Amino acid sequence: MWSGAFPTVLRNSTDQMCLFWAKSHADRILWDKHEGDGMQLTPVQSMASGFSAACLGPFVTGPFDVAKTRLMAQGKAQGTTPEYSGFFDVLVKVPAREGVLALWKGLLPRLLRIPPGQAIVWAVSDQITGYLERQAAEQASLE
């Protein structure tokens with residue numbers, strides 16, 4: 001039941017760390033926006049930097065995803081020995097048997113799915129954040 005849980009947590013946490021770091025840097029590099037500067041990105045700008053940022057995670061977390069999939073897919077039939085004993089065993093055996101690039105199998109489908117979705121998420125998120133920051137600034141000026 002829990003096979004693949006550790007690589008899943010590792011993949012998701014690393015992916016989110018990469019996403020937030022890359023989004024902040026994409027905003028700075030593409031639009032000269034810095035945290036807390038009050039600048040409001042347009043939805044198109046937010047989509048561009050969100051899409052760009054979301055491309056990093058799948059590259060970094062590809063090996064975790066392959067390990068998770070291999071662990072979850074291996075048969076647990078009674079009387080058989082699983083092919084992999086754990087997360088690190090997958091990371092050693094897959095490159096040895098199939099080459100290092102095998103750790104990034106499935107990268108293209110992830111790149112076709114994740115960045116477009118994150119572009120939309122960031123367009124909406126940045127607009128909501130901008131609205132709330134403007135409301136807070138207006139409230140502070142009234143006090």
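This is a short walk through a predicted model, stop by stop, with something to select at each one.

**Stop 1: the main nonpolar core**

Start by selecting Phe64, Ala67, Leu71, Tyr84, Phe87, Val90, Val94, Ala102 and Leu103 and showing their side chains. Together these 9 residues form the largest nonpolar core. Two elements give two or more residues to this core: helix H3, spanning 56-73, and helix H4, spanning 87-98. Colour those two helices and keep the core in view. As a general point, nonpolar side chains in soluble globular proteins tend to be buried together.

Now pick out Tyr84 from that set. Ignoring neighbours within four places in sequence, Tyr84 is in contact with Arg70, Leu71, Gln74, Asp89, Val90, Lys93, Val94 and Arg97. Apart from this core lies another one, of 6 residues, and you can find it by selecting Leu19, Ala22, Ala53 and Trp122, which are among them.

**Stop 2: Trp104, in a loop**

Next, click on Trp104, in the loop between H4 and H5. Is Trp104 buried, exposed or partly exposed? With a relative accessible area of 27%, Trp104 is partly exposed, because that value falls between the 20% and 50% cut-offs. Leaving out neighbours within four places in sequence, the contacts of Trp104 are Pro58, Phe59, Gly62, Pro63 and Val66. Zoom in on Phe59: its backbone oxygen sits 2.6 Å from a polar atom of the Trp104 side chain. If you draw a C-alpha to C-alpha distance from Trp104 to Phe64, you should get 9.1 Å, for residues 40 apart in sequence.

**Stop 3: the largest pocket**

Move on to the largest pocket, which holds about 320 Å³ of space. To centre your view, select Asp27, Lys33, Glu35, Asp126 and Thr129, the residues nearest the pocket's centre out of 17 that line it. Helix H1 (5-31) and helix H5 (107-142) are the elements that give two or more residues to the lining. Which element gives the most to this lining? That is H5, with 6 residues. Colour the lining by residue type and you should find 4 nonpolar, 7 polar and 6 charged residues.

**Stop 4: Asp27, Lys23 and Asp126**

Stay with Asp27, which belongs to helix H1. Asp27 counts as buried, because its relative accessible area is 7%, under the 20% cut-off. Show side chains here and look for Lys23: a polar contact of 2.7 Å links the side chains of Asp27 and Lys23. Beyond its neighbours within four places in sequence, Asp27 is in contact with Asp32, Lys33, Leu41 and Ser49.

Now select Lys23, also found in helix H1. Lys23 is buried, at 3% relative accessible area. Its side chain makes a polar contact of 2.8 Å with the side chain of Asp126. Setting aside neighbours within four places in sequence, Lys23 is in contact with Leu41, Ser46, Ser49, Gly50, Ala53, Trp122 and Asp126.

**Stop 5: Asp32 and its backbone**

Follow the chain to Asp32, in the loop between H1 and helix H2 (43-54). Check the backbone angles: Asp32 is not a glycine, yet its phi is positive, at about 55 degrees. For context, most residues other than glycine have a negative phi. Asp32 counts as exposed, with 51% relative accessibility.

**Last stop: Tyr131**

Finish on Tyr131, which lies in helix H5 and is partly exposed, with a relative accessible area of 46%. Select Gly75 as well and zoom out. Their C-alpha atoms are 51 Å apart in space, with their positions 56 residues apart in sequence.

Terms used: Residues are numbered from 1 along each chain as its sequence is written. This is a predicted model: local features need pLDDT of at least 70, side-chain atom pairs count only at pLDDT 80 or more; totals for chains, interfaces and linings use all residues. Side-chain values use heavy atoms; hydrogens and water are left out. A nonpolar core is a set of buried Ala, Val, Leu, Ile, Met, Phe, Trp, Tyr and Cys residues joined through side-chain atoms within 4.5 Å. Buried means under 20% relative accessible area, exposed over 50%, partly exposed in between (1.4 Å probe, protein chains only). Helices (H or I, at least four residues) and strands (E, at least two) are DSSP runs, numbered from the N terminus. Contact means heavy atoms within 4.5 Å. On a 1 Å grid over the protein atoms alone, a cavity is a set of points where a 1.4 Å probe fits but cannot get out, and a pocket is an open set with protein on both sides within 12 Å along at least five of seven lines; lining residues have an atom within 4 Å of a point. Grid points are joined across faces, edges and corners, and a volume is the space filled by probe spheres set on the points. Ala, Val, Leu, Ile, Met, Phe, Trp, Tyr, Cys and Pro count as nonpolar, Asp, Glu, Lys and Arg as charged, and the others, Gly among them, as polar. A polar contact is a pair of N or O atoms within 3.5 Å; within protein, one must be able to donate a hydrogen and the other to accept it, and residues adjacent in sequence count only if both atoms are side-chain atoms.
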